[in-house]
Amino acid sequence: MFESLSASLTSALASLRGRGKLTESNMREGLGAVRTALLEADVAYDVVDTFLDKVVEGAIGAKVLETLDPAQQLVGIVHRELVNLMGPVDHSLHLQTGRATVIMLCGLQGSGKTTSCAKLARRIKEQGRGVMLVAADLQRPAAIEQLAILGRQLGVPVHTPDGVTDPVAVCNAGVARARKEGASVVILDTAGRLAIDQALMDELKRIDHTVGPDQVYLVVDAMTGQDAVRSAKAFNDALELDGVIMTKLDGDARGGAALSVKSVTGVPIKFIGTGEQIEALEDFHAERMAGRILGMGDVVTLVEEAQRKFDQDEMARQEERLRTGEFTLDDFKKMLQQTRRLGPIGKVLGMIPGMGQLKELVGDADLDKDMGRLFGIIDSMTPQERRNPGKVIDQQRRRRIATGAGVQLQEVSDLVKQFDGMSAMMKGMAGMGMRERVQQMQAMQGQMANPGMRLGKPKGDTGKRLTADERRKQKKQREKDLRRKRRGD
Amino acid sequence: MGIFNFGRKDPKDQPSKDQPSKDSPAASTPAGSADSAEKPRGLLDRLKAGLAKTAQVLRTDVRDLFKREGRLVDEDFLEELRGILVRTDMGPAAAEAIVDDVRDRLRARVVDPEVVLDSIRTQLLARLRNTEAGLTMAVSGPTVILVTGVNGSGKTTSIAKLARMFTRDGKRVVLGAGDTFRAAAVEQLTMWADRLGAEIVRGPQGSDPASVAHKAVARAVEAGADVCIVDTAGRLQTQSNLMQELSKIRRVVAKLVPEAPHEVLLVIDATAGQNALSQAKGFKEAAGCTGIVLSKLDGSARGGVIVPVTEQFGLPVKFVGLGEGADDLEPFSPERFVAALLEGAFGAEA
Ligand SMILES: Nc1nc2c(ncn2[C@@H]2O[C@H](COP(=O)(O)OP(=O)(O)OP(=O)(O)O)[C@@H](O)[C@H]2O)c(=O)[nH]1
Ligand SMILES: Nc1nc2c(ncn2[C@@H]2O[C@H](COP(=O)(O)OP(=O)(O)OP(=O)(O)O)[C@@H](O)[C@H]2O)c(=O)[nH]1
Ligand SMILES: [Mg+2]
Ligand SMILES: [Mg+2]
């Protein structure tokens, strides 16, 4: 139902594969897939349009149109542009020193204001500051009691109305009391209201004018659809918001509303709610949100992990070798080993756009084990063979290597063949940024999965019996390929 | 007059004959009453002004596509139409299908708005065909209704509204406070029960909701009540343990009343976007939902996602929620829903 962007892009751009050039006109089909994906993620219609213009601009401006895998390239650009739009982040509550900071939460009915008040109070209390909650929702049955219970759980005082029927008065009294009692932060829980309910929006404005909160946050449900732009705009027009809290991100909502709200208000999303418990409040991260909106798995986590785990010096060495065209099977092995350090290959694949499909295809096949077999083959080669496999390894050497590694002859042939294709690809990787490089590596692994799958198959399958005639034909073809390669390289 | 159309009038539809009816959302907005008297203009006027402004922001009025009488149906037109449809939250696929249909029928013709609207209306109504209002009632003994949905969608309030509907018909209602998790959820339902004169069965905070449901149904049977409505804590469809809890509630109440629950309602917030599809799928599978209550339709959200929801999951929309008061519930009418979806487009007829 929720086809991920990477999957749909991969199919939309399938015809481009191999031709490797992304132009504005052939990108159109890909952008159609991006558009659908964003709309399915609930990004507002007009925001999507503006956004796609930016993507085209960015794609052209950055001169990144030449690529080996247009789908991934486009996902990369879209992702980066999403991050740009949703950032920069600001997790600060901008607490004052010397006087009480007043924070007001507002939003539509049921968005999670009261719960978020408690979550914020907990966070502030943990910083060792005194905090008070003010129950200014005099509208919904038991709203006051709800906040009072949460306050008790937290050990935080809650100012309750006590006969007062005007929320403005309650807020005023609450803030006055907090100041008197020396609380350093006061959080106002207001009643839920529709953005088109003028009377209640006016009431909010009166609280704003009278109490003058330092920070006003809009609480938005992550499941919100197209309405997000309308309501966020109305709240921002009425109150000049300082931040947004997006709740209920613990489910499977794609959360496109985050982009809508940010675009229409320009106000940063500060925190996200990831559960009903009062601990479930986290800082907002634009990168993660972008991946989520695109339904493309946690690329960011992967990139972060990659940055942490990749041996930077080794990477630099390899890059130098790529540039000078000295890339060998040894280097290739090191590279694969580095990627492997990120985790089980299957898991790594799943985190990468476009690779999810592959993962399904491979199913339970043990990619890691297959990778081990590849390493075995490489280890059975002489240094000279590793340096120049395409040219050096003839039929006889192949047989020797296969025996040494305990694999079928065909597997050795496959690796040698694949390496020729890959080394070209890797030359293209030199000078790429980290994200592109990681993606490229995954593409490589994707190719590797092919021989890998064959490796994983029962022996009888690989050693398909050929007629003498077929064998002759194959040999001829191989020799032809080899000659062509020698001439070409 | 349909409340559906309230505030959905085209801003150009100047002096409106709409009077605030007793049960219009404006009149029943609790906080509206307190300070509206002090304002120079009436509440309704101010609401109208606000709504007119909103209508401009919305840009979901199909009639806006027609500057003159009649317009050429070309790709520009279809693109604008797609925007209007997507903004109702019906999702890109449903919008595309409708646009394709209009393209097939009317492309390259100069047509009146009504012709296009007719085409869209027919399409939408066909998609909402499976939807019929009304609840399955028990032949004998209490009718048991389980109310489910994601956090904050409007379950408890919808229960209050259903209870009001039943008590108004002279039926005896027992409420089961099955949300034993959220802070003050029991208190919230208790306040409604008190206001509506319904009996409520409660359990201790944190207790097994299935046991509360059991107690409530048992009480309804014992008291000879007509209806027992069981509240449940909000949960996301991805939380499989909590979803299983709903299956357990079902099993437990079925032990007391074999046919129970007669209805399992899923409350969907009209502001919800495409995630409502996942909600419908999850709640249908785990809780055996039989129908939908579309809440908060009094806001600026259109609730268009129920178009693919009803289509894909065969779940009928039974009621719509139009405010925070107990009277703000209406049986679902596909015709009125579609009219409201396409906005002032039908203003002249409605
Ligand atoms: N799963 C999940 N539930 C949440 C989150 N935040 C809030 N909730 C739940 O959402 C529901 C509504 O939360 P409230 O805090 O009562 O929302 P509110 O905005 O104060 O609601 P009103 O005052 O009625 O307008 C409750 O069931 C909360 O437990 C979240 O981040 N994740
Ligand atoms: N405007 C409007 N507000 C509604 C409607 N239905 C419910 N609400 C409001 O939405 C908020 C949440 O409603 P609840 O009934 O508490 O929702 P719930 O699903 O029981 O929430 P949890 O039990 O916390 O998951 C409250 O502020 C209600 O007053 C409606 O039809 N229109
Ligand atoms: Mg609240
Ligand atoms: Mg509830």
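**Exercise 1: Where the two chains meet**

Work out how many residues each chain brings to the contact between chains A and B, and describe the side that belongs to chain B.

*Solution.* Start with the head count: chain B gives 50 residues to the contact and chain A gives 43 residues. Keep in mind as you go that you're looking at a predicted model.

Next, look for helices on chain B's side. At least two residues each come from α2 (30-36), α3 (43-58), α4, α8 (185-196) and α11 (275-287) of chain B. The largest share belongs to α3(B), with 8 residues.

Finally, sort this side by class. You get 20 nonpolar, 21 polar and 9 charged residues.

**Exercise 2: Two ligands**

Find which chains ligand 1 and ligand 2 lie between, and describe the shell around each.

*Solution.* Take ligand 1 to begin with. Ligand 1 sits between chains A and B. Its shell holds 26 residues, and the closest are A:G112, A:G192, A:G273, B:N151 and B:G152. Helix α5 (residues 113-126) of chain A makes the largest contribution to that shell, 3 residues. Sorted by class, the shell has 4 nonpolar, 15 polar and 7 charged residues.

Now do ligand 2. Ligand 2 also lies between chains A and B. Around ligand 2 there are 27 residues, with A:Q109, A:G110, B:T157, B:G234 and B:G321 the closest. Here the largest share, again 3 residues, is from helix α7 (residues 155-168) of chain B. The classes come out as 4 nonpolar, 15 polar and 8 charged.

**Exercise 3: A pair of packed helices**

Describe how helix α4 and helix α5 of chain B cross, and say which residues make the contact.

*Solution.* First, what do you need to quote? Two packed helices are described by the angle between their axes and the distance between the axes.

So grab both values: the axes of α4 (residues 75-86) and α5 (residues 92-106) of chain B come within 9 Å and cross at roughly 145 degrees. The crossing of α4(B) past α5(B) is right-handed.

Then list who touches whom. On α4(B) the contact uses B:L78, B:L81, B:R82, B:L85 and B:V86, while α5(B) brings B:P92, B:A95, B:I98, B:V99, B:V102 and B:R103. By class that's 9 nonpolar, no polar and 2 charged residues.

**Exercise 4: Buried or exposed?**

Decide whether B:W192, A:D42 and B:D89 are buried or exposed, and place each one in its chain.

*Solution.* The cut-off you need is 20 or more other C-beta atoms within 10 Å for a buried residue.

Step one is B:W192, in helix α8 of chain B. B:W192 has 23 other C-beta atoms within 10 Å, so it counts as buried. Leaving out residues up to four places away in sequence, B:W192 touches A:P141 and B:A160. Another thing to spot: the C-alpha atoms of B:W192 and B:A326 are 8.5 Å apart, although 134 residues separate the two along the chain.

Step two is A:D42, in the loop between α2 (24-40) and α3 (45-61) of chain A. A:D42 is buried because it has 29 C-beta neighbours inside 10 Å.

Step three is B:D89, in the loop between α4 and α5 of chain B. B:D89 has 29 C-beta neighbours inside 10 Å, so B:D89 is buried.

**Exercise 5: Backbone oddities**

Check the phi values of A:D42 and B:D89, then look at the peptide bonds that join A:G87 to A:P88 and B:A260 to B:P261.

*Solution.* Start with the background: most residues other than glycine have a negative phi, and most peptide bonds are trans.

Now the phi values. A:D42 isn't a glycine, yet its phi is positive, about 75 degrees. B:D89, also a residue other than glycine, has a positive phi near 80 degrees.

On to the peptide bonds. The bond joining A:G87 and A:P88 is cis, with omega about -10 degrees. A:P88 belongs to the loop between α4 (70-86) and β1 (101-106) of chain A. B:A260 and B:P261 are joined by a cis bond too, with omega about -5 degrees. You'll find B:P261 in the loop between α10 (240-256) and β7 (263-269) of chain B.

Definitions and conventions. Residues numbered from 1 in each chain as written. Chains lettered and ligands numbered in written order. Predicted model: local features only at pLDDT ≥ 70, side-chain atom pairs only at ≥ 80, totals over all residues. Near = placed C-beta within 6 Å. Helix = DSSP H or I, 4+ residues; strand = E, 2+ residues; numbered from the N terminus. Nonpolar A, V, L, I, M, F, W, Y, C, P; charged D, E, K, R; others polar. Axes fitted to C-alpha atoms, helices over the stretch in contact; angles between N-to-C directions. Left-handed = near helix turned anticlockwise from the far one by under 90°. Contact = placed C-beta atoms within 7 Å. Buried ≥ 20, exposed ≤ 12 C-beta atoms within 10 Å, placed from the backbone.
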